[in-house]
There are 2 protein chains.
Amino acid sequence: MTALDQLIEALRRLPGVGQKSAQRMAYHLLQHDRAGADALARALQDAVRNVRHCERCHTFSETPLCPICADRHRDARLLCVVESPADQAAMERTASYFGYYFVLQGRISPLDGVSTREIGVDQLLERAADGQVEEVILATSFTAEGEATAHVLAEALRARGLRSTRLARGVPVGSELEYVDLGTIAHALVDRRST
Amino acid sequence: MTALDQLIEALRRLPGVGQKSAQRMAYHLLQHDRAGADALARALQDAVRNVRHCERCHTFSETPLCPICADRHRDARLLCVVESPADQAAMERTASYFGYYFVLQGRISPLDGVSTREIGVDQLLERAADGQVEEVILATSFTAEGEATAHVLAEALRARGLRSTRLARGVPVGSELEYVDLGTIAHALVDRRST
């Protein structure tokens, strides 16, 4: 296999990249941006070498404790559970949550053989039982797997006497009712709140 | 900037990859495929180090002469001009062309400041004047820029007494006439051939 074919094969391992895109990327880098290829190779090696998981919340971190867990000014009574570092980043960008996080390793998916053990539920239960956490906010996805994960977590937390809440379901901001799916409208109706 | 942010930035240099995809790729590699990240880093470095341009046709090659130019059994009377190694690979996959190639460095694009000099027209004229080439097949894209490039090349070749042809325009194989754009149908009508 030539170096070019090997590069195309390696690029195909990226999520969302098929044969055609991988080829286009390889040709682009070699034809127009060899400096970019070098920079990407270095960035990959640096990241693999330096990015570890935070000991406490398991998000990506270059230090044993991530900057959020190391921040003493956050509200220790709140613990938000998300499925991935990407979801945590999205929560942070809302600038409306000031508690701590726990990042699962994905979500429960029996079909793919992903069970509670794999996603780190035991570590979550240990973390939530630190005596300071009063409310665990379940912010897993609103998909079948995310809902199942939230359900399992809620049960496990309740069994240990810990209170959990779930993000509200409802009509997305900015949407016209006509174009919102019926399940969402039904949930928004059930969860309606007084004004 | 953290190693993670640096990786996201480096991934964004890939064509067709925006902030969101770059983030998803970085998270995926670090969470689920660190071996893939290592493999990609090595493949990038190998390719940048080893992949050069063929001395004769300018396609990507790890040897001074690419395998096609080094093949003595091809038809030396035919020279096919394409815009990129990707286009050359597409031509080869048709398995219906047995001459040699000349790979331009892109196409003429006055708006982007890309002139005949940049895409290697001088080298093409020199290559086509080897005394063996009888027909230069212009296989640049059927876009405004590709057409302009073909036009400029045809003029330059004619001035040197070299014959050039252009790939046929027409209705793509497998398409229903109803869904083919009018310009294509008009061209197919003008270029109609007796059966």
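The following exercises concern one helix and one sheet in a predicted model.

**Exercise 1.** Determine which residues of helix α4 in chain A are buried, and where they lie around the helix axis.

*Solution.*
Step 1. Helix α4(A) comprises residues 85-93. A residue counts as buried when its relative accessible area is under 20%.
Step 2. Pro85(A), Gln88(A) and Met91(A) are buried in this helix.
Step 3. These residues lie on the same side of α4(A), because the arc they cover around the axis is only 115°.
Step 4. Their packing partners in chain A are β2 (60-61), β3 (75-82) and β4 (99-103), and α2 (19-32) of chain B is a further partner.
Step 5. Just after the helix, Ala95(A) adopts a positive phi of about 55°.

**Exercise 2.** Establish the strand order of the open sheet in chain A and identify its edge strands.

*Solution.*
Step 1. In general, the strands of a sheet pair through backbone hydrogen bonds, in a parallel or antiparallel manner.
Step 2. Here four strands follow the order β4-β3-β5-β6 in chain A, with parallel pairing.
Step 3. Strands β4 and β6 (164-166) of chain A each pair on one side only and are therefore the edge strands.
Step 4. On average, neighbouring strands of this sheet are turned by 30° against each other, direction ignored.

**Exercise 3.** Describe how β3(A) is joined to β5(A), and how α4(A) is placed on the sheet.

*Solution.*
Step 1. Strand β5(A) spans residues 135-138, runs parallel to β3(A) and is joined to that strand by four bridges.
Step 2. Opposite Cys80(A) stands Ile137(A) of β5(A).
Step 3. Helix α4(A) packs on the sheet and touches β3 and β4 of chain A. The direction of α4(A) makes about 160° with that of β4(A).

Terms used:
Residues are numbered from 1 along each chain as its sequence is written. Chains are lettered from A and ligands numbered from 1 in the order in which they are written. This is a predicted model: local features need pLDDT of at least 70, side-chain atom pairs count only at pLDDT 80 or more; totals for chains, interfaces and linings use all residues. Side-chain values use heavy atoms; hydrogens and water are left out. Buried means under 20% relative accessible area, exposed over 50%, partly exposed in between (1.4 Å probe, protein chains only). Helices (H or I, at least four residues) and strands (E, at least two) are DSSP runs, numbered from the N terminus. The arc is that of the directions from the helix axis to the C-beta atoms. Contact means heavy atoms within 4.5 Å. Two strands pair if DSSP finds at least two bridges between them. Axes are lines fitted to C-alpha atoms, for helices over the stretch in contact, and angles run from 0 to 180 degrees between N-to-C directions.
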